[in-house]
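Hi,

Here is the structure I promised to pass on. Have a look at it first, and then read my notes below.

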Amino acid sequence: MNFFKNKRKVRSLKEFMYIVPFLILVAVFSYYPLYGWVYAFFDYKPPFPLSMDQFVGFKWFVSMFENAIKIKQLIKVLRNTFAISGLSLLFSWFPMIFAVFLNEIKNKPFKKFVQTVTTLPNFISWVLVYSIAYCILNSNGVVNSLLMSTGLIDKPQLFLQSSTHVWFKMWLWLTWKNAGWAAIMYIAAISGIDEQMNEAAKVDGASRMQVIWHITIPSILPTYFVLVMLNLANFLSNGMEQFYVFQNAFNKETIQVLDLYVYNLAMGGGGYSLSTAISIFKSVVSILLLCVTNKVSKLIRGDGFI
Amino acid sequence: MNTNKQRKQKIKTSAGDKLISAITYIVYSLFAFVCVYPFYYIFINTISANNLSERGKVLFWPKEIHFTNYINVLKIPDLFRSLEVSVARTVIGTALTVIIAAFLGFMFTRESLWKRKFWYRFVVATMYFNAGIIPWFITMRNLGLTNNFWAYIFPVAISPFYIVLCKTFVESVPKELQDAAEIDGAGTLKIFFRIMIPVIKPILATIAIFAAVAQWNSFQDTLLLVTDNKLYTLQFTLYQYLNQASSLKALVNSTTSSTSMAASLASAQTATSIRMTVTIVVVTPIILVYPIFQRFFVKGIMIGAVKG
């Protein structure tokens, strides 16, 4: 009996040994960086190790709100973040409507074709998106060529090197890249609707719009709601890649979102400690947002999403 | 009278439906066009006479087709090296990510594993937090992973999401399969390699495609961790070509003079031709594997939608 017990224990530890190397990798690359948050409490000067830097407590957190210039800068960055996240939120119904009407198409090959090609941009990198934007929008690109030949403009417009409508343009590129992919979630939800309901509605004389309005959309609203909540929870995190590749001297003021600001501050200006402090601040707000939205979701749907 | 009214209504609604149909087709054709045309436009420009494309004359179909752009671009030493780096990281990174996801996904279903639930949560919890870009960067530097090829591989080798996918899949495999092997005296590793891997191949294929696309597209790690141009990836090199007009000009001159003195205007490299050709080179692998993962990705999403 004892022998068997021991054998089992040996086996369980042996299996544990197999996964130890991977657990170490997780610890090193996912948990250990959290320790880097201490840099926010030091006056970190890059070449020297932390032991040689001065402990400054909450100096960096205070300094975020200390002088007028920094506050102004932070407000500007927050405004960009809010504007771009706000636009995405405002138009978050678009993929849903896209899916609803795509589902109405009876011609299967056409439907499949549209779904395939609109999903493709999701799988290319932001650098490639930027490259495409660059190729079609530069002064000899197709957009300028067509606008010139139709006489709408008389000299080439530099769409990327301009400071106007930057938020809207960023939203457009984001939508170009993601909408088709986001629609798949809804297409899956629509395919889960009981066909009998549609049939019954048609027998009762409902038009297609009525079926959409009274059956399809209410059935997929829960999915929409969850995605909106997730969107809200990520309100401060737009990621930096998109804005990094699209940024230039002309649009810097309106394109710099929080994530990009954190990067620029540290890698451009060497402000590692301040930028860490800002990102900690951001994490705290994000966690709060997540808790709040989860709570709201629990109140409304009776189920959270975490 | 009554039937007449009904018929009228029927005709009316079907006319309305037809109108909606027509609008739907037009709008979705536009969406499809907006998604396809940019790729097509860039492609036809790379195979058209460079002096025409430079002046924006190639809009809907190629003119004076030639393929020298592709030959010339692959002769640029930097570009070829970054192609090698990109391919290497995609192949090695994907292989490692997949095998680790499969192994951990399998191990976390083994009830005999010591403190199984705890370690599973230890790994999966990392999906929900992130130290932030700067602490991560400093950590990587402390670990000596700057200007190091392995910086592309190790940090993404363990992906909790893929592990959850694998675990879910392994759990759906009948337990008897493992039990039978165990009675025959197979050890844990043998069960994994001989029995599990062949059975969970479908999910591994899905993961492999996702991981490969992520590796190929990755840009931020090069930006943060690499300053040595020997380790630049294709994405990063493309980004540089887009932004650094001056170095590109030098490149244009060197490739043009090295190909031949009498390089005709149509095949001489221009900044535009290099940028567009590199774009096509970078995007082609994605478009080639895309039809394969079209089959997989909806499935992937559906599994992912189930709470881990």
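**What I found**

Let's start with chain B: residues 24 or more positions apart account for 73% of its contacts with a separation of 6 or more. Keep in mind that this is a predicted model. Chain B has 15 helices and 0 strands, and of its 308 residues, 39% are buried.

**How far to trust it**

The model as a whole scores ipTM 0.85 and pTM 0.86. For chain B the mean pLDDT is 82, with 83% of the residues at 70 or more. Among the elements of that chain, helix α4 (residues 77-107) of chain B has the highest mean pLDDT, 93, while helix α14 (residues 245-259) of chain B has the lowest, 62. There is also a stretch of chain B, residues 304-308, where pLDDT is below 50; beyond near neighbours in sequence, it has 3 contacts in the model. Where pLDDT is low, the predicted coordinates should not be read in detail.

**Where the chains meet**

How many residues does each chain bring to the contact? Chain A puts in 65 and chain B 62. On the chain A side, helix α1 (residues 2-35) of chain A gives the most, with 17 residues. By class, that side of chain A splits into 43 nonpolar, 16 polar and 6 charged residues.

One helix pair across the chains is worth a look: helix α6 (residues 126-137) of chain A and helix α13 (residues 234-243) of chain B. Their axes come within 10 Å and cross at roughly 30°, so α6(A) and α13(B) are roughly parallel. The crossing of α6(A) and α13(B) is left-handed. From α6(A) come Val127(A), Tyr130(A), Ser131(A) and Tyr134(A), and they meet Gln235(B), Leu238(B), Tyr239(B) and Leu242(B) of α13(B). Sorted by class, this contact has 6 nonpolar residues, 2 polar and no charged ones.

**A pair inside chain A**

Now take helix α10 (residues 208-233) of chain A and helix α14 (residues 272-301) of chain A, whose axes come within 8 Å and cross at roughly 160°. Why call α10(A) roughly antiparallel to α14(A)? Because the crossing angle of roughly 160° is over 145 degrees, which counts as roughly antiparallel. α10(A) passes α14(A) in a right-handed crossing. On the α10(A) side, the contact is made by Pro222(A), Phe225(A), Met229(A), Leu232(A) and Ala233(A). Facing them, α14(A) offers Ser286(A), Leu289(A), Leu290(A), Thr293(A), Val296(A), Ser297(A) and Arg301(A). The classes here are 8 nonpolar, 3 polar and 1 charged.

Cheers

Technical notes. Residues are numbered from 1 along each chain as its sequence is written. Chains are lettered from A and ligands numbered from 1 in the order in which they are written. This is a predicted model: local features need pLDDT of at least 70, side-chain atom pairs count only at pLDDT 80 or more; totals for chains, interfaces and linings use all residues. Helices (H or I, at least four residues) and strands (E, at least two) are DSSP runs, numbered from the N terminus. A residue is buried if 20 or more other C-beta atoms lie within 10 Å of its own, exposed if 12 or fewer, and partly exposed in between; C-beta atoms are placed from the backbone. Two residues are in contact if their C-beta atoms, placed from the backbone, lie within 7 Å. Ala, Val, Leu, Ile, Met, Phe, Trp, Tyr, Cys and Pro count as nonpolar, Asp, Glu, Lys and Arg as charged, and the others, Gly among them, as polar. Axes are lines fitted to C-alpha atoms, for helices over the stretch in contact, and angles run from 0 to 180 degrees between N-to-C directions. A crossing is left-handed if the near helix is turned anticlockwise from the far one by less than a right angle, and right-handed if clockwise. pLDDT is the predictor's confidence in each residue, from 0 to 100. Angles under 35 degrees count as roughly parallel, over 145 as roughly antiparallel, 65 to 115 as roughly perpendicular and the rest as oblique.
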